[in-house]
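Please open the model in a viewer and keep the sequence panel visible. The tour below proceeds by selection, from a whole chain to an interface and then to individual residues.

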Amino acid sequence: MSQSPAPIQRPARRGWLRDLRRLLLYTAKRLLALFVTVLVGVYLTIVIANMGGQVDELRRVQIRSEAAEAVRADPAFQDLSSEERHELIERQVALEVERLRLDEPFMVRSVDYLQQAMRLDLGRAEQMHSDRGSRAVYDIIVERLPATVLLFGTANLLVFFTSVLVALFLSRRYGSALDRSVVALAPTSAAPGWFYGIFLILLFAFVVPWLPAGGMVAVPPPESNWAYAGSLVRHLLLPVAAMFLSQIFISIYSWRTFFLIHASEDYVEMARAKGLPSRLIERRYILRPTLSPIITSFLLMLIGLWSGAIILEQVFNWPGLGSLLFQAIGHRDTPVIIGSVVIFAYLLAVTVFLLDILYALLDPRVRIEGGQR
Amino acid sequence: MKRLVLAGLALVVVGIVVVAVRPPSSSPPPAAPAVDEDLTADELEGRRGALVDRVVFTQEADVGRVTGLIEAGKIQVFGQGIANPTVFRQLRDSLQADYDVAYGTTSELTLNPAGPTLETGGLNPFHVPAIREALNRLVDRDYVAQELYGGLAVPRFLPLSTAFPDYARLAGVARELELRYAHDPEAARETIFREMEALGAERVDGQWHYDGEPVRLIGLIRTEDARRQVGDYIANLLEDLGFVVERRYRTAEEASRIWIATDPAAGQWHFYTGSWIAIAIQRDQAQVFSFYYTPRGRAEPLWQAYEPSPEFDELTERLQRRDYATWEERQAMMARALELAMENSARVWLVDQLNVSARAANVEVAVDLAGGLSGSALWPYTLRYTDRVGGEMVFGTPGLLTEPWNPVAGSNWIFDQMILRATQDPVVLPDPFTGLFRPQRIDSAEVTVQESVPVVRTLDWLDVNRVDEIPVPEAAWIDWDSEAQAFVSVGEKHPEGITARTRVRVNYEEALFERRWHDGSRFSLADIVMPWILTFARADEASPLFDVAHLPTFEAFQRHFRGWHIVSRDPLVIDIYSDQIFPDAETIAASRAPQPQPWHTLALGILAERSGELAFSSNKADRLQVDWMSLVAGPSVPILARHLEAARADETLPYASVLGDLVGENEVAERYRALADWHAERDHFWVDSGPFQLASVHPVAGSLVLERFAAFPDPADKWLRFSQPMVPELDLEGPLVVESVSPAHRSALPDEGDAQQDDDETSAVRFDLEITFQGEPYPREAIEEVQYLLFDGRGNLVARDEARPREAGRWRIALTPQTLARLGTGANSLEIAVTSQRVALPTFASHVFATVPPGGLEVVP
């Protein structure tokens with residue numbers, strides 16, 4: 001019978017260094033993976049937005065047609081001979097081709113786009129302008145950000161907190177009339193927000209004209225700050241209501257089911273058996289262990305604001321990022337499309353990375369290297 | 001917890017109700033009343049400039065909501081033309097909304113002329129002109145207009161727009177051709193079958209085969225509008241004739257790289273549902289034949305595949321060059337070109353689409369016959385409530401501040417231009433219904449042309465003189481020397497002397513220099529001269545303002561520009577010499593007359609571009625990687641403000657060597673002070689002299705406010721007579737059955753002579769035409785021509801003449817027995833074409849009557 005060697009007590013300092021090394025290694029690997037993901041995602045966006053370079057051909061035809069039509073429609077050029085008119089068109093086309101760098105191969109441009117995007121150098125738009133007239137992609141995006149944050153932030157925060165609170169409430173009243181009503185109403189969320197928006201506009205802007213049919217603020221915008229804020233709220237009501245209606249029931253249903261599952265865990269049953277008050281059980285035994293998925297959902301919801309909602313913004317004539325992206329796609333303005341995507345990609349990557357850290361802080365069971373210390 | 005949730009919900013509900021029932025900060029304009037009450041002269045008396053006090057523009061892209069928004073009083077006018085039949089019906093049926101109609105968009109069928117066999121080995125029937133021509137009879141244009149376009153279109157057969165003056169001038173010829181190519185599917189079928197057999201194709205089981213394969217046609221069908229249905233309709237017609245049709249539904253972008261960019265011989269398409277847009281009335285369409293039917297049109301492969309007949313080719317080329325000595329010769333050439341165009345039929349014209357401009361029922365505004373409201377030059381001068389003076393009006397528009405605004409090379413977007421037009425006051429303005437220019441800041445003009453130049457004058461604000469030679473005076477300015485900062489005279493540049501084909505002498509109104517810009521500063525001669533210097537400086541490589549994007553248009557301008565000369569400073573008289581010719585003297589004067597622009601705002605732009613911080617044009621801005629200059633918003637405004645401060649301190653006057661002599665005492669300081677005050681109050685630099693001034697801009701919120709310019713000098717009703725197009729309304733009456741002349745009598749009648757009888761009592765048959773507008777007789781002096789065409793039962797043109805005027809609004813066509821004899825017996829048709837000087841749109845009426853043998857009218861017992 002052999003005797004097992006006695007465990008070697010390593011100094012605490014070595015353990016800390018090992019943890020730090022592992023943490024740094026993990027962080028480096030994770031950051032690298034996220035960087036590569038962003039790189040691939042952005043490059044795919046560049047390739048798809050340009051249809052693998054085929055957009056160049058479309059643009060050339062479009063540029064030529066626009067130049068030809070402009071020359072045809074201008075009486076000042078009517079007396080030019082055909083040759084002179086063709087030459088004029090060719091010169092206009094050449095200027096535009098040069099401006100858009102269409103004389104360079106798409107592959108070269110795509111690499112330029114990529115390296116600029118990865119450096120967050122958003123550059124200049126090719127066709128679009130910010131509402132104020134700037135061609136810098138940064139200005140174009142930043143100008144629309146407040147409107148998006150206001151609308152989607154309000155609606156999403158309202159949906160998130162209402163649904164979590166109501167779900168928690170319902171999880172304690174499983175099978176009640178209210179619970180069954182929410183379950184029955186959950187499929188109504190299959191319809192998107194803009195669908196409800198159309199009905200709400202019809203009802204509250206046309207049938208009973210209490211609220212504005214669209215826009216962000218009255219025309220012209222009120223001059224005093226209070227009146228401006230009041231006008232903003234009036235314009236927010238319908239789109240927020242539309243988003244709220246479209247998301248709330250499915251969101252409550254999901255969270256309620258989630259809480260119900262966690263409420264039936266052994267440790268919760270044990271707590272109940274011990275006779276702990278229900279609020280304590282809710283806070284300590286249900287909410288705390290589920291904090292990680294709740295925060296994940298919350299953060300993803302927050303960065304989800306970035307993309308806006310194209311159709312909803314169109315329906316409500318809301319000057320947000322969704323309609324900006326829609327316009328950018330329509331104009332095939334690659335820098336603006338890339339700008340929107342790369343910022344979202346970085347936000348997502350940072351969020352995912354933060355969540356990795358947060359998980360470890362929030363949940364002691366989450367550890368590097370499969371929980372070995 | 002439950003209480004908390006309930007309390008929260010209650011708070012939210014209360015909040016919603018409070019905000020909802022709270023009146024908005026600025027009360028919206030009242031909804032349009034259904035009753036139309038006309039303004040009285042008293043209410044208009046003393047009013048200057050615009051008839052409304054404030055116009056607010058807001059972004060509204062959804063056409064489907066327009067009627068509802070107007071009915072709810074949220075907007076009063078919508079800026080975009082509406083081509084959607086459902087919305088049109090809503091507007092038509094609404095008591096609170098109304099609309100104006102505009103033309104300008106044309107739908108046609110572009111045919112692939114390559115062949116007869118294509119690179120795919122397949123047969124292309126459309127290579128054969130006779131088959132293309134037959135398609136004109138195959139297509140039922142009334143069906144296309146009424147069913148496929150829901151009534152928002154009118155049939156069109158010819159390359160001339162049915163709403164433009166050339167069509168009206170050639171109304172008789174046009175009507176004849178329209179009847180010749182009227183819907184006749186049997187005749188079309190016969191021709192197509194004959195030609196297909198001649199090509200070597202054969203019909204097997206009802207399908208055409210060539211080389212043992214079915215004849216397959218590819219239709220490129222646009223999907224964005226009613227052309228999808230048009231494409232399907234054409235495909236169905238061709239399938240009925242025995243062709244296999246492959247329908248390829250494509251968007252504009254997808255289709256353009258096929259029909260424009262590929263060689264038609266490659267066989268990637270056979271027909272394409274095309275469309276063309278005109279945003280202003282084109283008074284001279286002589287070049288359309290060359291553009292649409294010959295390789296001269298465009299350099300793309302499709303145009304290079306066109307093979308017009310030698311006669312057509314020569315005619316189109318001469319028309320494009322305006323190579324004719326007299327107006328009559330031109331009209332004869334145009335008439336022949338129309339015939340040859342139909343025989344060629346590289347394009348089959350289908351309909352002229354109508355766009356409606358929506359407005360509240362109690363709003364009136366001049367809408368351009370081609371460009372609609374957004375293309376109307378007169379909208380700021382005519383916009384009004386019919387039941388009151390003043391007030392606020394809200395315009396919905398799909399786009400706003402789409403691109404930066406600057407007066408040199410700023411936004412050219414149609415909706416930006418619509419707004420800008422309200423702030424400007426051009427020296428001439430186009431009549432929205434005829435396209436003829438009328439004076440605004442000009443008293444008169446004299447157009448002098450060389451003897452050989454055919455020019456027509458219609459209006460009496462200008463004179464046309466003809467001389468053998470027009471020498472350009474040595475002192476006239478012809479160029480600009482950026483290094484010397486001086487104009488180059490004709491004597492310096494052309495010591496040998498030069499001549500020009502035209503000279504336009506523009507006599508500006510006497511009070512021109514009494515006028516004020518929006519910021520309160522007074523006009524001066526520098527406002528006329530500085531824009532001219534800029535035109536040259538931007539094309540001069542030695543100038544810091546050089547812009548390569550400006551060169552192509554500048555060089556085209558230089559080809560015909562021969563100099564300009566200030567004859568008198570006050571009152572201002574300027575002579576402009578040029579080789580460029582337009583058929584209308586009014587257009588020549590309008591295109592030559594210099595337009596004033598406020599030199600002090602231009603100066604800020606010049607200083608900002610010289611410093612490399614901003615650029616006037618988009619192209620130069622991209623090259624320099626700076627912002628495209630905007631005088632109204634964005635990063636440009638603080639830059640311009642900084643330059644204003646510096647210029648104000650130094651009293652900077654660009655091009656002082658020339659302009660120093662043209663500005664008044666203290667003018668420089670006063671201008672900059674006025675502009676600084678303007679900027680401080682409104683936070684932008686957009687200054688002009690139109691009936692409205694830019695009050696505020698809200699780019700992100702998507703709105704903009706114009707307010708009435710109180711110092712505008714003209715009476716408010718100056719242009720009101722152009723609020724409605726005076727389209728003649730016709731009522732043609734005559735017998736339904738007429739006794740023909742017997743053969744015995746026919747031989748006794750002379751063969752030739754007038755088709756009409758002056759003496760009504762002895763005429764064989766009389767037709768009465770009533771021409772009215774809104775129930776009142778149409779003024780005799782406004783009628784240009786009342787033509788009639790008489791067709792016999794076989795569709796042959798038997799007579800063409802003019803109707804004779806009688807009492808107010810009434811005209812008569814009295815046919816002679818000789819004319820009646822030529823008709824023979826059968827069903828005949830009398831077609832009337834009325835053209836007016838007040839609207840380019842001709843009006844047609846038709847009367848069908850039967851000629852029966854002599855005694856045929858007697859009742860048989």
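Two residues are in contact if their C-beta atoms, placed from the backbone, lie within 7 Å. With that cut-off, residues 24 or more positions apart account for 71% of the contacts in chain A that have a separation of 6 or more. The model under inspection is a predicted one.

**Stop 1: chain A**

Select chain A and colour it by secondary structure. The chain contains 14 helices and zero strands. Next, view the chain along its principal axes: its C-alpha atoms fill a box of roughly 105 × 70 × 40 Å. The radius of gyration of chain A is 28 Å, whereas a compact globule of 373 residues would have a value near 21 Å. Of the 373 residues in chain A, 35% are buried.

**Stop 2: where chain A meets chain B**

Now display both chains. How many residues of chain A are in contact with chain B? On the chain A side there are 55, and they touch 64 residues of chain B. Select α2 (54–73), α3 (82–99), α5 (137–171) and α8 (225–263) of chain A; each of these helices supplies at least two residues of the side that touches chain B. The helix that gives the most is α2(A), with eight residues. Coloured by class, this side of chain A shows 30 nonpolar, 14 polar and 11 charged residues.

**Stop 3: helix α4 of chain B**

Move to chain B and select residues 85–93, which form helix α4. Which residues of this helix are buried? They are Val87(B), Phe88(B) and Leu91(B). These residues lie on the same side of α4(B) because they cover an arc of only 105° around the axis. Rotate to the other side of α4(B), where Thr86(B) and Asp93(B) are exposed. To see what the buried residues of α4(B) pack against, add α3 (66–71), β3 (97–111) and β11 (347–360) of chain B.

**Stop 4: Asn406(B)**

Finally, centre the view on Asn406(B), in the loop between β14 (392–397) and α17 (414–423) of chain B. Is this residue buried or exposed? Asn406(B) has 28 other C-beta atoms within 10 Å, and therefore counts as buried; the cut-off for a buried residue is 20 or more. Leaving aside neighbours within four places in sequence, show the contacts of Asn406(B): Gly605(B), Phe616(B), Met629(B), Ser630(B) and Leu631(B). As a last step, select Trp532(B), which is 126 residues from Asn406(B) in sequence and 16 Å from it in space, C-alpha to C-alpha.

Definitions and conventions:
Residues are numbered from 1 along each chain as its sequence is written. Chains are lettered from A and ligands numbered from 1 in the order in which they are written. This is a predicted model: local features need pLDDT of at least 70, side-chain atom pairs count only at pLDDT 80 or more; totals for chains, interfaces and linings use all residues. Helices (H or I, at least four residues) and strands (E, at least two) are DSSP runs, numbered from the N terminus. The radius of gyration is taken over C-alpha atoms; the globule rule is 2.2 Å times the number of residues to the power 0.38. A residue is buried if 20 or more other C-beta atoms lie within 10 Å of its own, exposed if 12 or fewer, and partly exposed in between; C-beta atoms are placed from the backbone. Ala, Val, Leu, Ile, Met, Phe, Trp, Tyr, Cys and Pro count as nonpolar, Asp, Glu, Lys and Arg as charged, and the others, Gly among them, as polar. The arc is that of the directions from the helix axis to the C-beta atoms.
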